[in-house]
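Grab a pencil and have the viewer open. Below are some short exercises, each with a solution worked step by step.

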Amino acid sequence: MTQTTSKSTTGGVQSVERAFELLEVIARAGGEAALSELAADTPLPLPTIHRLLRTLVGVGYVRQLPNRRYSLGPRLIRLGEVANRQLGALASPVLKDLVTKLGESANIAVLDGDMVTYIAQVQSAHSMRMITEVGRRAMLHNSGVGKAVLSVLDDERVQRLVSQAGMPPKTANTITTLGKLFTDVEATRERGYAIDEEEQELGVRCIAVPVPGAPTPMAISVSGPVTRVDEAFMKTAVPVLQAAASELGVQLVAAAD
């Protein structure tokens, strides 16, 4: 009797792990994937994938689209919102320290489908400062946090996400071609930080770095008017920002253990 229960428990844990594996594959694909993609990206046999997908669709964590592809389901939204709030609370002391040291508004954003979502901000004390609403989404190609996130993804995924979202111009400085974006992303990888050079809003500059070891791609940034966020500011800010990202990464890894 004990042996049967043990086998049942082991099988249940394995099914949960496999279900999460499918959700991760769908998320990595940008939130939507075909059955063939799931089969190619996991070692699971097709009957197992079918069975797990039926269960996930039944409870609302996966949705089957009219074109027979599978997407992340609506029940994940609530879980994601709660997780983002908790992550924002964890990041808040790090952001406050950045504002104290650098004097400009600090943000953190996470990859959310083919965009990024801001999950926390601490505002500068300056009367003229950047204010970003928590929960606001931004595009990957024209935001500092977006380009920092792209720098930790492989080129194939970068192309897929950006092609899916499009590259509409927000200002005359916005990068609008894949070739130029890849050049910018490669420069970000080499120097270790991304720059939004008035690409979202004229008169505003942003510096962002990816958070190492994060469970999902995310970036931390400081932003402000170009009159204050100049070359001298950047020389001071980059190492402070990188240290803050590393500190947050360590905290996230510790929280996951």
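## Exercise 1: a covered strand

Strand β4 (residues 105-112) has 7 of its 8 residues buried, so the rest of the structure largely encloses this strand. Buried means under 20% relative accessible area, exposed over 50%, and partly exposed in between (1.4 Å probe, protein chains only). Helices (H or I, at least four residues) and strands (E, at least two) are DSSP runs, numbered from the N terminus.

A word on the model before you start: it is predicted, so local features need pLDDT of at least 70, side-chain atom pairs count only at pLDDT 80 or more, and totals for chains, interfaces and linings use all residues. Residues are numbered from 1 along each chain as its sequence is written, and side-chain values use heavy atoms, with hydrogens and water left out.

**Task.** Work out which strands β4 pairs with, and in what sense.

**Solution.**
- Step 1. Start with the rule: two strands pair if DSSP finds at least two bridges between them.
- Step 2. Look at strand β9 (residues 218-225): 6 bridges tie it to β4, and the two run antiparallel. Within this pairing, isoleucine 108 sits opposite isoleucine 220 of β9.
- Step 3. Now look at strand β5 (residues 115-122), which is antiparallel to β4 and joined to it by 7 bridges. Here asparagine 107 has glutamine 121 as its bridge partner.
- Step 4. Check the turn: the β4-β5 hairpin has 2 residues between the strands, and glycine 113 takes a positive phi near 70° there.

## Exercise 2: follow β8

**Task.** Find the bridge partners of cysteine 206 in β7 and β9.

**Solution.**
- Step 1. Place the strand: β8 covers residues 204-210, and 6 of its 7 residues are buried.
- Step 2. On the β7 (residues 194-197) side, 4 bridges make an antiparallel pair with β8. Aspartate 196 is the partner of cysteine 206 in this pairing.
- Step 3. β7 and β8 form a hairpin with 6 residues between them, and glutamate 198 in the turn shows a positive phi of about 55°.
- Step 4. On the β9 side, 7 bridges link β8 to β9, again antiparallel. This time cysteine 206 is matched with serine 223.

## Exercise 3: the nonpolar cores

**Task.** Which residues have the most contacts inside the largest nonpolar core, and which element gives the most to this core?

**Solution.**
- Step 1. Set the terms: a nonpolar core is a set of buried Ala, Val, Leu, Ile, Met, Phe, Trp, Tyr and Cys residues joined through side-chain atoms within 4.5 Å.
- Step 2. The largest such core has 32 residues, and Leu98, Ile207 and Ile220 have the most contacts inside it.
- Step 3. At least two residues each come from α4 (75-102), β4, β5, β8, β9 and α8 (231-256). α8 gives the most, with 9 residues.
- Step 4. Apart from this core lies another one of 21 residues, including Leu111, Tyr118, Leu140 and Ala194.
- Step 5. Zoom in on isoleucine 207: beyond residues up to four places away in sequence, it touches Ile220, Phe233 and Leu241, among others. Contact means heavy atoms within 4.5 Å.

## Exercise 4: the sides of α3

**Task.** Test the length of helix α3 (residues 46-58), then find its buried residues.

**Solution.**
- Step 1. The expected span is 1.5 Å times one less than the number of residues. For the 13 residues of α3 that comes to 18 Å, and the end C-alpha atoms are 18 Å apart, which agrees.
- Step 2. The buried residues are Thr48, Ile49, Leu52, Leu53 and Leu56. They cover an arc of only 125° around the axis, so they sit on the same side of α3. The arc is taken from the directions from the helix axis to the C-beta atoms.
- Step 3. Flip to the face turned away from the buried side, and you meet the exposed residues Pro47, Arg54 and Gly58.
- Step 4. Just past the helix, glycine 60 has a positive phi, near 90°.

## Exercise 5: a loop asparagine

**Task.** Is asparagine 142 buried or exposed?

**Solution.**
- Step 1. Find asparagine 142 in the loop between β6 (137-139) and α5 (144-150).
- Step 2. Its relative accessibility is 2%, so asparagine 142 counts as buried.
- Step 3. List the neighbours: leaving out residues up to four places away in sequence, asparagine 142 touches Pro168, Lys170, Thr174, Asp196, Glu199 and Gln200.
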